[in-house]
Amino acid sequence: MDPVRYEHYRPVERPTYQEELDAVVAQVAQRTGASVEREAVGRAVRTAHGKTHGLLKATVTVGDNHGFHGQGIFARPTEYDAVVRYSNGLGHQRPDHQLGAACGMGIKLFGVPGPSLLADEPDTGTFDLNLINNDVFFANTAYDYMVIEDLFAELPEALVNPARRKTWMAEFLTRRGTLTDPDGWLWDELFAMLSFTTVPRRNLLSYTYNSMGAFRYGDHIAKIRTVPTAESLAALTHQIVDVRADNEAFRRTLVAEAAERNHSFDLQVQLNTDLARMPVDNTSVKWPEELSPWVTVARVDLPRQDIGGDDNVTAADATSITPWRSREEHRPIGEIQRVRQEVYRRSSIERHRINGQQRREPVSSAHVLG
């Protein structure tokens, strides 16, 4: 089955979108400011992916892709200098056992030609991928994001407290009672959220990381993921991440693995072949692989390196990753992706301002890592 052409996708336009987006941006700015006192680490913390596990030098090598898969920056063989940031998904700075296992892999490529989609930094040459170790997401609209942002501030305590768990999930399902018709309750989103609670705590280098949201892929539409190569997965020696024995188990395991050997991932795309069964505007529904298989278009290599110093965490904390630091050929699509554009940008601006950090895109991995 041939992939859907990008021009055939019609975005959903809701009349309340801009008002809700403005409310989300204001809410995120307020929570970013409040995080200085809330997290008690002497600085502002991201409202999502707040705890860094490490920043690694990387190389992204694009393969000899043809036809439907040879699109945009993946149209011809080339090699990009890059960095990879690993983080926890929640907006807290806490011991690992007080956080869930939802973890992010942010990839920043350098020297990518063409103007960025971010209007305030059109010529930086950087290109970001935001990925997480699950294949579905739990918010699809600006209003979803606004309510969930508030509810997620209670995690993980809300889901382990029997007195709060049921009411928390009811508020999630009905968007705090605003969805009164059971036919409109957000079951897809609730099941997507609960799927994160089943993610096992494992070596960060053993996970598959997904974009969850869709992107333009040149003439087509796709999702993106990374999968550890077979040889890299087989070589891992620190399989167990014991968060009860070590408050920083994820980072220490990553530091140890990075120091011992090289690691690699296949970067893959899944082209959309059916807009009805592979919805763009509902990221809570997994795209069936029987409709469209994942195809490798590039490789991410992490050379052996020392990331054990405090300066590595500082560099990672100052590194901004957003799906809109992209190119027109890979424009994020779907309402929740549009929400991310302004939320991520404003969150980064506010965090850097509070922390006294210069907000400027680096030009190379050496520039980031010193």
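**Exercise 1. Place V285 and list its contacts.**

Solution.
- Start with location. V285 sits in the loop between strand 8 (263-271) and strand 9 (295-302). Helices (H or I, at least four residues) and strands (E, at least two) are DSSP runs, numbered from the N terminus.
- Note the source. This is a predicted model, in which local features need pLDDT of at least 70, side-chain atom pairs count only at pLDDT 80 or more, and totals for chains, interfaces and linings use all residues. Residues are numbered from 1 along each chain as its sequence is written, and side-chain values use heavy atoms, with hydrogens and water left out.
- Check accessibility. V285 has a relative accessible area of 24% and is partly exposed. Buried means under 20% relative accessible area, exposed over 50%, and partly exposed in between (1.4 Å probe, protein chains only).
- List contacts (heavy atoms within 4.5 Å). With neighbours within four places in sequence left aside, V285 touches V136, D188, K223 and P279.
- Take V136 from that list. V136 and V285 are 149 residues apart in sequence, yet their C-alpha atoms are 6.3 Å apart in space.

**Exercise 2. Describe the salt bridge of E121 and its setting.**

Solution.
- Apply the criterion. A salt bridge is a side-chain nitrogen of Lys or Arg within 4 Å of a carboxyl oxygen of Asp or Glu.
- Find the partner. E121 pairs with R325, at 2.6 Å from N to O.
- Locate both ends. E121 is in the loop between strand 3 (103-109) and strand 4 (127-132), and R325 is in the loop between helix 8 (310-318) and strand 10 (332-333). The two are 204 residues apart, and the pair links distant parts of the chain.
- Check burial. E121 and R325 are both buried.
- Compare with a second long-range pair. R216 and E328 form a salt bridge, with the closest N and O atoms 3.1 Å apart. R216 is in strand 6 (residues 214-217), E328 is in the loop between helix 8 and strand 10, and 112 residues separate them. E328 is partly exposed, at 33% relative accessibility.
- Put the count beside these. The structure holds 35 salt bridges.

**Exercise 3. Why are R345 and E342 about one helical turn apart, and which residues form a salt-bridge network?**

Solution.
- Start with the bridge. The side chains of R345 and E342 pair at 2.9 Å, N to O.
- Use the spacing. R345 and E342 are three residues apart in helix 9 (residues 335-355), so about one helical turn separates them.
- Recall the geometry. An α-helix has 3.6 residues a turn, so residues three or four places apart point the same way.
- Check exposure. R345 is partly exposed at 24%, and E342 is partly exposed at 22%.
- Turn to the network. Salt bridges with shared partners join K108, E121, D128, R325 and E361.

**Exercise 4. Characterise the packing of helix 1 on helix 2.**

Solution.
- Get the geometry. Helix 1 (residues 17-39) and helix 2 (residues 142-152) pack at about 25°, with axes 8 Å apart. Axes are lines fitted to C-alpha atoms, for helices over the stretch in contact, and angles run from 0 to 180 degrees between N-to-C directions.
- Classify the angle. Helix 1 is therefore roughly parallel to helix 2. Angles under 35 degrees count as roughly parallel, over 145 as roughly antiparallel, 65 to 115 as roughly perpendicular and the rest as oblique.
- Name the contact residues. Helix 1 gives Y17, E20, L21, A23, V24, Q27, V28 and R31, and helix 2 gives A142, Y143, Y145, M146, E149 and D150.
- Sort them. Nine are nonpolar, one is polar and four are charged. Ala, Val, Leu, Ile, Met, Phe, Trp, Tyr, Cys and Pro count as nonpolar, Asp, Glu, Lys and Arg as charged, and the others, Gly among them, as polar.
- Look at coverage. Nine of the eleven residues of helix 2 are buried. These buried residues pack against helix 1, helix 4 (162-173), helix 5 (187-195) and helix 9.

**Exercise 5. Characterise the packing of helix 4 on helix 5.**

Solution.
- Get the geometry. The angle is about 135° and the axes of helix 4 and helix 5 are 9 Å apart.
- Classify. Helix 4 and helix 5 are therefore oblique to each other.
- Name the residues. W168, M169, F172 and L173 of helix 4 meet W187, E189, L190, M193 and L194 of helix 5.
- Sort them. Eight are nonpolar, none is polar and one is charged.

**Exercise 6. Find backbone features in the loops.**

Solution.
- Check the peptide bonds. The bond from L155 to P156 is cis, with omega near 5°. P156 lies in the loop between helix 2 and helix 3 (157-160).
- Check phi. A40 is not a glycine, but has a positive phi of about 55°. A40 is in the loop between helix 1 and strand 1 (52-62), and is exposed at 62%.
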